[in-house]
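Thank you all for making the time this morning. I would like to walk through one structure with you, one chain after the other, and I will put it on the screen now.

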Amino acid sequence: MADWVEACAVDDVDEEDVIRFDHGGRSFAIYRSPENTFFATDGFCTHEKAHLADGLVMDDIIECPKHNGRFNYKTGQAKGAPVCVNLKTYPVRVEAGKVMIDIG
Amino acid sequence: MTTASSTKRDYSLVGESTRRAIESGLASAEWYHTDVPRKTMKELMQRTDGPAIRDTIIWIAAILGSAAGIVRFWGTWWVVPFLFVYGVLYGSSSDSRWHECGHGTAFRTRWMNDVVYHIASFMLMRNPVQWRWSHARHHTDTIIVGRDAEIAVMRPPDLIKAALAFTGILDFRYSLPTLVRQAFGTLSDDEKSYIPQMEQHKAVIAARWHMIVYAATIAVAIALRSWIPLVLIGLPRLYGTWHMVLTGLLQHIGLADNVTDHRLNTRTVYMNPVSRFIYWNMNYHVEHHMFPMVPYHALPKLHELIKHDLPVANPSMWHAYREVWPVLLRQLKYEDFYLKRELPPTAKPYRGEFHDLDITAAAAE
């Protein structure tokens, strides 16, 4: 079941960057791509507990700050060692300058 | 200095120290980081291919040039300087290339990192799969006994072993049989503890490729009735390793173990430009461990930015070795003894929750 929540304002995220969003005891990462589109994934790397919001966004890739593991943040696909498990992604929409994600 | 009762360290990755590290929360712990604004850190983390392409062209040209000199002057004394240069490039600078490309920070383009990573791994006789995972563990649990697979000098220190490391003999004796064992499909319990099961078969395949190249090199040497193929492939791991050991030993030697603040267990040393080229700026080692996302070429800038929060860097390798020598001698008798480096007044103090996890420790300040 859909459960849309407001994650942040559009301007809170720089282009080609990521921020952290915590809600209901869960943590998410909200991305703004170089094409100015928003995406959302689980906040923590699937390898070890490091928050991806401290990492680096390059094109479609988020690189984990701890071991440089890389994911495609648009699909969640793990791009090779040391990350082997894909990242969960969430639907995103922008409404009235707010970034909404479906955490349901 | 205070003294405390000694607890024998077990450096196996599946032993008593491992159990204690997990139970005490030292394993996979939260580490201290100097505050750096996100905007600044983002700039420092930015990837670019330019510096690494430039350095790699110089590196390959120097390797090929010195190899040509070895072939040309083989059998004369003129070969010695070429052996010296080739050996260091092959047996030492490959370590920093392996390291940076393993992190994926040297180049922006992933395949460039991967190509150099595999070439450098081969030069070092390191299984590229195994060592990628062991290094991830080294960053998760830096110098945590029972967890870190890359502790170079264990306590109490074996000084003869440390001295022999400069010759490459011990590493050679370990690396080659390890590759042979892995090529036959056997991974040790330690290796299995940090290589995920789904990756273990890749380690076996990688070891087999390495062995194929070594077998081919030996075959060529026999066919040509010449030592030159072996002097160029394989043996530099012996005669060219000294610079890697000279610089690499200083990363953590004599400092604290079982702490979660890189300022306590890692050392930054100022080095000459040649060593920094060979070492790809890994002399800024506290900075690297604190922020492994920052590429080697941005480490001097990061150092300037956060040095107010770090122990003063050793001004030279000589200074660092002079500082560490008495500590090693002391550790022969008291293995809990370590060098606790003083922080400048501008730094945030070492915080109890970050470094008092170790039960027994004696420090020299």
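Where in chain A does UniProt place the feature "domain: Rieske"? The record, which is an unreviewed entry, puts that feature at residues 5–101 of chain A. Please keep in mind throughout that what you see is a predicted model. Over residues 5–101 of chain A, the chain is 0% helix and 44% strand, and the C-alpha atoms at the two ends are 6 Å apart.

Let me stay with the strands of chain A for a moment. One open sheet there has four strands in the order β2-β3-β4-β8, and the pairing is antiparallel. At its edges stand β2, residues 17–23, and β8, residues 89–90, each with a single partner strand, so that one side of each is left without a neighbour in the sheet. As a general reminder, strands of a sheet pair through backbone hydrogen bonds, in either the parallel or the antiparallel sense. In chain A, strand β3, residues 26–32, pairs with strand β4, residues 38–42, over five bridges in the antiparallel sense, and if you want one position to look at, A:A29 stands opposite A:T41 in β4 of chain A.

From A:A29 we can step to A:G104, which is found in the segment after β10 of chain A. These two residues are 75 residues apart in sequence and 16 Å apart in space, going from C-alpha to C-alpha. A:G104 has 10 C-beta neighbours inside 10 Å and therefore counts as exposed; leaving aside its neighbours within four places in sequence, A:G104 is in contact with A:M1, A:A2 and A:D3.

Two loops of chain A deserve a look at the backbone. In the loop between β7, residues 70–72, and β8 we find A:P82, and the peptide bond from A:A81 to A:P82 is cis, with omega near 5°. In the loop between β9, residues 92–95, and β10, residues 98–102, we find A:A96, whose phi is near 50°, a positive value in a residue other than glycine. A:A96 counts as exposed because it has 8 C-beta neighbours inside 10 Å.

Now to chain B, by way of the contacts between the two chains: 14 residues of chain A are in contact with 17 residues of chain B. On the side of chain A that touches chain B, the residues divide into six nonpolar, three polar and five charged.

Within chain B, I would draw your attention to helix α5, residues 93–103, where eleven of the eleven residues are buried, so this helix is largely enclosed by the rest of the structure. Among the buried residues are B:W98, B:H99, B:C101 and B:H103. The buried residues of α5 in chain B pack against several helices of chain B, including α3, α4 and α6, as well as α14 and α16. After α5 of chain B comes B:G104, with a positive phi near 75°.

Chain B also has a cis peptide bond, which joins B:R155 and B:P156 with omega at about -5°, and B:P156 is found in the loop between α7 and α8 of chain B.

Finally, is B:W280 buried or exposed? With 23 C-beta neighbours inside 10 Å, B:W280 counts as buried. B:W280 has a positive phi of about 50° although it is not a glycine, and its place is in the loop between α16 and α17 of chain B.

Terms used. Residues are numbered from 1 along each chain as its sequence is written. Chains are lettered from A and ligands numbered from 1 in the order in which they are written. This is a predicted model: local features need pLDDT of at least 70, side-chain atom pairs count only at pLDDT 80 or more; totals for chains, interfaces and linings use all residues. A residue is buried if 20 or more other C-beta atoms lie within 10 Å of its own, exposed if 12 or fewer, and partly exposed in between; C-beta atoms are placed from the backbone. Two residues are in contact if their C-beta atoms, placed from the backbone, lie within 7 Å. Two strands pair if DSSP finds at least two bridges between them. Ala, Val, Leu, Ile, Met, Phe, Trp, Tyr, Cys and Pro count as nonpolar, Asp, Glu, Lys and Arg as charged, and the others, Gly among them, as polar. UniProt positions are given in the numbering used here, feature names are shortened, and annotations may be inferred rather than shown by experiment.
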